[in-house]
Amino acid sequence: MPTALLESEYSLDRLCFPPRAPQRRQLTNSTSYTYILFKRRHLTHLHFCSQSPATKFAESMGFINEDLSTNVSQALHSDWLARNCQPNYWKNVIPDSSKYCGPYKPPTILKRDGIAYKDPAHSYSHDTIGMVVIHKMGNIAAGTSTNGIKFKIPGRIGDSPIPGSGAYADDMVGAAAATGDGDILMRFVPSYQAVEYMRRGENPTTACEKVISRIQKYFPKFFGAVICANVTGSYGAACNKLSTFTQFQFMVYNPLKSEPTEEKVDCI
């Protein structure tokens, strides 16, 4: 999505857990110009990059530097500027971020504010692509790809590329992927927690519901959903019920189906 710059920039976050054990996972983190695939053959440790360092690393690995902006994203950014950069995610800065565009600077004395969470975009839709795949040989993979929130602060990394938050997979158990309010979800590593519930014997649906219920205790009005699948091929999903978000749709494909089909679950 366009980031909160006076000049439009498009960025993506991605994550991939490939087959085999969790320690052999791959992390993909996308930047404004290109995306990078971090593989074991290139790195000896799990690595996060953002913005310029990520672009430089991608170019050194042979990826082509290309602009991901589209006419649609540029139009969104122009409209955002025309509305004095509203909405945005800045606070406790000058000039007043609720009325003006930046650049912003911290005031001399910051006023303390409440802890209440509010999504400035007021959007209960999701653009995150989360996938859980079980190979016929039993290998399991999970991955995510997302634009993130519109008009995010440059450099912001959401929950999608965070292992255990956006997605998690374990060949011995199953896998899960999540979508929603990333700034809340990443505090609870929902995908990892769902896999751990399945490890304890819970079916995928119950595992997903327990994850949602756990977050509800602290953020009852959060926007989010989780999909789960175990090693037997059973799957499920759950979401947090809001007045504007009562069902969650997801696609399912397996050898018993001639083509992918849409399924729905009622939010809890």
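## Cores, rings and turns in a predicted model

Leaving aside its neighbours within four places in sequence, C228 is in contact (heavy atoms within 4.5 Å) with A175, A176, A194, M198, P204, C208, S234, Y235 and G236. This is a predicted model, in which local features need pLDDT of at least 70 and side-chain atom pairs count only at pLDDT 80 or more, while totals for chains, interfaces and linings use all residues. Residues are numbered from 1 along each chain as its sequence is written, and side-chain values use heavy atoms, with hydrogens and water left out.

C228 is a good place to start, since this residue belongs to the largest nonpolar core, which has 21 residues. Such a core is a set of buried Ala, Val, Leu, Ile, Met, Phe, Trp, Tyr and Cys residues joined through side-chain atoms within 4.5 Å; buried means under 20% relative accessible area, exposed over 50%, and partly exposed in between, with a 1.4 Å probe and protein chains only. Together with C228, the residues I215, F222 and V226 touch the most other members of this core. Two or more residues each come from strand 7 (174–180), helix 3 (182–185), helix 4 (190–199), helix 5 (204–216) and strand 8 (224–230). Helices (H or I, at least four residues) and strands (E, at least two) are DSSP runs, numbered from the N terminus. Helix 5 gives the largest share of the core, with five residues. Another core, of 18 residues, lies apart from the largest one and includes A177, F248, F250 and V265.

The aromatic side chains come next. Seven aromatic pairs were found in a search of the whole structure. Rings of Phe, Tyr and Trp (its six-membered ring) pair if their centres lie within 6.5 Å; planes under 30 degrees apart count as stacked, over 60 as edge-to-face and the rest as tilted. The pair of F188 and Y218 is tilted, because the ring centres are 5.8 Å apart and the planes stand at 40°. This pair links distant parts of the chain, 30 residues apart: F188 is in the loop between helix 3 and helix 4, and Y218 is in the loop between helix 5 and strand 8. F188 is buried, at 9% relative accessibility, whereas Y218 is exposed, at 59%. These two residues form one aromatic cluster with F219.

A second pair, Y235 with F250, is edge-to-face, with 6.4 Å from centre to centre and 80° between the planes. Y235 lies in strand 9 (residues 235–239) and F250 in strand 10 (residues 247–252), so the pair ties together parts that are 15 residues apart in sequence. Y235 is partly exposed at 32% relative accessibility, while F250 is buried at 12%. Both residues also appear in the packing described above: Y235 is among the contacts of C228, and F250 is one of the members of the 18-residue core.

Turning to the strands, strand 4 (residues 129–134) and strand 5 (residues 140–146) run antiparallel and are joined by six bridges; two strands pair if DSSP finds at least two bridges between them. In this arrangement V132 stands opposite A142 of strand 5. The two strands form a hairpin with five residues between them, and G138 in the turn has a positive phi of about 100°. Strand 5 also holds T144, which is buried at 5% relative accessibility. The T144 side chain reaches the backbone oxygen of S160 at 2.7 Å, a polar contact (a pair of N or O atoms within 3.5 Å; within protein, one must be able to donate a hydrogen and the other to accept it, and residues adjacent in sequence count only if both atoms are side-chain atoms).

Some backbone details are worth a look on the way. The loop between helix 2 (71–82) and strand 4 holds P87, which is joined to Q86 by a cis peptide bond with omega of about 0°. P95 is found in the loop between helix 2 and strand 4 as well, and the peptide bond from I94 to P95 is cis, with omega near 0°. C85 lies in this loop too; its phi is near 60°, a positive value in a residue other than glycine, and C85 is buried at 1% relative accessibility. V189, in the loop between helix 3 and helix 4, has a positive phi near 35° and is partly exposed at 29%.

For the overall picture, the protein chain has five helices and 11 strands, and buried residues make up 43% of its 268 residues. Of the contacts with a separation of 6 or more, 52% are between residues 24 or more positions apart.
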